[in-house]
Amino acid sequence: MTIWDAISLFGGVGLFLYGMTVMSTGLRNAAGDQLRNILDKVTSNRYTAILIGLVVTLLIQSSSATDMMVISFVNSGLMNLAQAVGVIMGANIGTTITAQITAFNLTALAPLLIFIGCIMYLFVKKHSVKHIGSILLGFGMLFLGVGLMKSSIAPLADSPQFVRALSALDNPAAAVLFGIAFTALLQSSSSSIVIFQAFAVEGLLSYNQCVYLIIGAAIGSVTPNILASLTTDRDGKRTALLNLYFNLLRAALLIVVISIFPGILSGIQALSPGNIARQVANTHTFFALFAVLVLSPFANWIVKLSERTIPRHPDELRAAEEQRLIYLVNAERSIPSIAMRQAMLEVTRMGEMARENLDTALRYFFDPSQSDLFTQVETRETAIDYLNRAIGDKLVELRALPLSERDIFRLSRMILVVSNFERISDHAENIIEFGARLKNTGSNISTEGRTELRTMADTVLQTLDLSMKIFTTDDFSLLPQAEALEQQVDDMQETYMRNHIDRLMKSASNPVSAVVFTDMCTDLERCSDQAINIAAAFSDSPVDPDPILTEDAVPLA
């Protein structure tokens with residue numbers, strides 16, 4: 001390998017990592033709710049997930065690419081670890097397609113993907129198209145990086161010294177280690193298996209040597225996943241570990257089995273006598289199938305092992321707890337009165353999370369040095385977005401119950417309140433972005449401006465607290481007080497904006513801080529608007545008439 005090959009290798013790694021980041025961001029923005037729902041339904045069953053991993057890998061001819069997409073999905077919150085492990089297992093089978101066929105050359109498509117993605121991202125104004133363009137750019141750069149790495153390492157296959165070293169691998173442990181190292185360099189188990197086949201056909205490798213090289217190649221194939229996980233969050237890293245642990249367990253299992261039952265190898269050879277290329281291909285496939293069949297029942301243990309290796313932070317545990325329904329899980333099977341109570345509890349829980357998110361965002365805005373608060377808001381915003389969809393779907397399902405006129409009214413208003421809470425959390429996300437913008441640009445809002453924003457923020461939180469109390473207790477005697485607070489916020493916005501303009505006229509101001517002050521006033525005022533909508537949600541609820549007792553009816557004591 002020349003110095004230029006080494007430079008190409010490092011450049012390929014860099015392009016690969018950046019492409020992974022771009023692709024993950026594009027998936028998060030473009031895929032969003034719809035793809036998440038599809039993946040939840042399609043991969044909720046482990047064996048369905050295995051089938052999907054198999055099919056996708058057959059289509060793109062790269063288990064590494066499939067695994068990298070899985071890491072991206074998990075990193076983007078579109079897939080959980082339990083789903084990911086099934087897809088990874090399926091990918092290990094899919095990558096064993098007939099080894100005589102050259103692996104699908106994804107690198108050849110990379111320039112076209114980059115060109116199309118660039119056009120979509122730079123010249124189309126529609127956001128959804130831009131997101132798709134970002135995905136294509138990420139995919140293109142990712143595969144171009146992999147291709148660059150492969151091309152820089154390819155000369156090793158033509159080295160006489162390398163061929164002699166390969167043909168001398170009679171020790172099983174040495175063969176496994178070489179299979180790991182060689183596949184890690186090529187970034188593709190399919191490619192390494194094809195090379196091993198070629199050497200075997202030329203008589204440079206025996207079948208038994210190829211068996212252990214195949215076992216090592218499976219472990220070496222996780223290298224791209226490890227590299228990809230370097231730019232992901234902790235769940236992305238856990239996904240890469242899932243693949244590593246599965247292939248380590250697979251290697252141990254296969255070594256033990258063929259050591260105890262060496263006749264298995266003779267049986268595989270007997271399927272294609274005299275055709276060592278087919279024997280190698282069959283061995284690759286049978287090993288993968290056997291490992292998945294044996295290890296799939298233990299998939300949850302593999303997930304737990306990855307979580308023990310990278311323990312979950314308290315914030316991650318809290319996020320997992322928040323991002324699920326607690327009260328409405330089976331509410332549609334309950335009697336109407338209990339279902340309505342469960343609905344109120346779930347909506348109130350979401351409201352408390354939205355309120356906490358707004359408070360956390362404001363604390364970050366006024367003290368952006370607390371960088372952990374930024375992450376807390378983003379994580380909780382993801383949970384609130386999930387609850388917005390999940391609670392909304394459940395509330396619609398409750399409409400099928402025999403509800404009274406009053407309950408139907410309250411159910412419809414709860415759907416609106418859920419939307420109000422979600423918008424408050426959206427404003428919280430805007431607020432942390434304002435704080436980050438000030439921090440990143442070194443801008444500062446004047447002392448008078450910060451005091452005004454703090455006063456306005458405190459009043460908004462008071463309005464929201466009172467509104468939630470009215471919503472949960474139906475104490476509409478407090479509604480005038482909430483409306484008065486909301487009017488104070490409106491007045492503050494008008495007064496503070498005039499003061500802000502006066503300050504701008506009297507002295508030079510940083511453009512960033514000037515815009516942020518205006519945007520903060522707007523977002524805070526809109527939060528108070530959402531709060532008053534929550535407070536008044538049930539204010540005109542119809543009253544159920546007294547029940548009419550028939551001769552058979554027995555009134556409650």
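These legends accompany close-up views of side-chain packing in a predicted model.

**View 1. The largest nonpolar core draws on six listed helices, 18 to 23.**
This core has 61 residues. Leu358, Phe365, Leu395 and Met414 have the most contacts inside it. At least two core residues come from each of helix 18 (336-366), helix 19 (371-398), helix 20 (405-441), helix 21 (447-473), helix 22 (479-506) and helix 23 (511-535). Helix 18 gives the largest share, 14 residues.

**View 2. Leucine 358 and its contacts.**
Residues up to four places away in sequence are not counted here. Beyond them, leucine 358 touches Ile424, Ala428 and Ile431. Leucine 358 also touches Val460, Leu461, Leu464 and Cys527. One of these partners, cysteine 527, is buried, with a relative accessible area of 2%.

**View 3. A second core is separate from the largest one.**
This core has 32 residues. Among them are Met69, Ala110, Phe139 and Leu295.

**View 4. Phenylalanine 365 and phenylalanine 366 pair edge-to-face.**
The ring centres are 5.2 Å apart, and the planes meet at 90°. Phenylalanine 365 has a relative accessible area of 2%, so it counts as buried. Phenylalanine 366 is buried too, at 14%. Phe365 is also among the residues with the most contacts inside the largest nonpolar core. In total, the structure holds six aromatic pairs.

**View 5. Phenylalanine 471 stacks with phenylalanine 538.**
Here the centre-to-centre distance is 5.0 Å, with 25° between the planes. That angle counts as stacked because it is under 30 degrees. The pair links distant parts of the chain. Phenylalanine 471 lies in helix 21, and phenylalanine 538 lies in the segment after helix 23. They are 67 residues apart. Both phenylalanine 471 and phenylalanine 538 are buried. Together with Phe421, these two residues form one aromatic cluster.

**View 6. Two charged ends sit over aromatic rings.**
Lysine 130 places its charged end over the ring of tyrosine 121, 5.3 Å from the ring centre. Arginine 503 does likewise with phenylalanine 517, at 5.5 Å from the ring centre.

**View 7. Cysteine 210 and cysteine 527 are buried.**
Cysteine 210 has 1% relative accessibility, under the 20% cut-off, so it counts as buried. For cysteine 527 the relative accessible area is 2%. Cys527 is one of the residues touched by leucine 358. The structure holds zero disulfides.

Terms used. Residues numbered from 1 in each chain as written. Predicted model: local features only at pLDDT ≥ 70, side-chain atom pairs only at ≥ 80, totals over all residues. Heavy atoms only, no water. Core = buried A, V, L, I, M, F, W, Y, C linked by side-chain atoms within 4.5 Å. Buried < 20%, exposed > 50% of the residue type's maximum accessible area, 1.4 Å probe, protein only. Helix = DSSP H or I, 4+ residues; strand = E, 2+ residues; numbered from the N terminus. Contact = heavy atoms within 4.5 Å. Phe/Tyr/Trp six-rings, centres within 6.5 Å; stacked < 30°, edge-to-face > 60°. Lys NZ or Arg CZ within 6 Å of the ring centre and 35° of its normal. Disulfide = S-S within 2.5 Å.
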